[in-house]
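Please read the explanation below with the coordinates open beside it. It goes through a strand pair, a helix and a set of aromatic rings in turn.

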Amino acid sequence: MEGEISIPPGQTFIEMPWRKGWERVKIAPCGECPTRDAVAPVIVSASRSTDIPAFYGEWLIERLRKGYAARINPFSGKTEYVSFEKTRLVVFWSKNPAPFFRFLPELDGGGLSYLFQYTLNDYGRERLEPGIPPKPDRVGSFMDLSRKIGKGRMIWRYDPVLLSGSLDAEGLLARIADLGDALRYSTERMVISFIDIDRYPRVKRNLVSAGFGDVREPTSSEIEAICNGLADLNREWKFNISACGESLDLSAFGIGRGQCISYAQIVREFPGDKALMEFLNAPVLEKGVEKGLCALKDPGQRSSCGCIVAKDIGRYSTCPHLCAYCYANASPAAVARNLQRMKEQGACESLSGSQE
């Protein structure tokens, strides 16, 4: 099976770097406030940095009603404004979107399109994800969400793929098989991502400080065994499987190059959205696509990432899930400090609290 980035035979795919940048507009935060410059993205990511559907859904809905949000740049520390004037699609990233379900009718009523990247792992025995609901609850909410919005807008993420002293490749595959059997009728896409401990020093530091020093990256032979196992399982599931941010060529296992925010999926699910299709340089059709496909690569992601460009509105060190392997939380203490600041100050334009 080919990866989601692939296209039907006989068509041309041209991957274009993102050069022109988002359109800029003026916003007026309040009646007496001076106007401010803001970027106006067509696609918003909510969020790779924190779990907005689980913890900040009410904040997001309020910002959508106001028409803009503020974002703290994690590198410069400066505030930048994001207008929703041109926004046509929101990509949600979550391990527990159930608290956000009550807001879906408002999104639907406002004509805003959305997809869900739903991370559903099974590391309960290792206690690596202390802040998430039990597995049966997460499986249930995944299926519930699929019934609400359609399986075409659901992406199952098993992220990250990791091993430890208590979990070998065979055991990992057994857990993935259990989840895949449960989700096989609730999604068409599966995304995997192998943990990258050496690349992110804070991940290694946090794992060790939390007592998970035995968590490790799979070896080359273990990656091959895991991918072989997935290929066998997928003969029944028939998912479109891709690997997120992975430079290895896994096509021999039916695992495609990763494109989590996928051109093909967006065009398939929202072909009638003229503004969105024009942004993607795609034809507006009821079904399918034509020749001359073009994708805009997100320059803010790793070189091996194939995602369509999107503007993230989240903030690091604000996720109470406290997953031990998380790259977005500097430490549990940093999260606790930011949550306390939010409690004291309120999360107004941006997710409050100084960046750590």
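What follows is a walk through a predicted model, beginning with a hairpin.

Strand 5, which covers residues 68-72, is mostly covered, since five of its five residues are buried. In a regular strand the side chains alternate between the two faces of the sheet. Here Tyr68, Ala70 and Ile72 point one way, while Ala69 and Arg71 point the other way. Five bridges join strand 5 to the antiparallel strand 6, residues 79-83, and tyrosine 68 stands opposite serine 83 in that partner. The two strands form a hairpin with six residues between them, and glycine 77 in the turn has a positive phi of about 80 degrees. Tyrosine 68 also has arginine 63 over the face of its ring, at 4.6 Å from the ring centre.

In helix 6, residues 201-209, the residues Val203, Asn206 and Leu207 are buried. Seen down the helix axis, the buried residues of helix 6 fall within an arc of 100 degrees, and they therefore line one face. Pro201, Val208 and Ser209, on the other side, are exposed.

Turning to the aromatic rings, a search of the whole structure finds 16 aromatic pairs. Tyrosine 114 and phenylalanine 116 have ring centres 6.1 Å apart and planes at 90 degrees, so the pair is edge-to-face. Tyrosine 114 counts as buried at 1% relative accessibility, and phenylalanine 116 counts as buried at 0%. Ring pairs link both residues into a cluster with Phe92, Phe100 and Phe103, and arginine 153 lies over the face of tyrosine 114, at 4.7 Å from the ring centre.

Terms used
Residues numbered from 1 in each chain as written. Predicted model: local features only at pLDDT ≥ 70, side-chain atom pairs only at ≥ 80, totals over all residues. Heavy atoms only, no water. Buried < 20%, exposed > 50% of the residue type's maximum accessible area, 1.4 Å probe, protein only. Helix = DSSP H or I, 4+ residues; strand = E, 2+ residues; numbered from the N terminus. Pairing = 2+ DSSP bridges. Arc of directions from axis to C-beta. Phe/Tyr/Trp six-rings, centres within 6.5 Å; stacked < 30°, edge-to-face > 60°. Lys NZ or Arg CZ within 6 Å of the ring centre and 35° of its normal.
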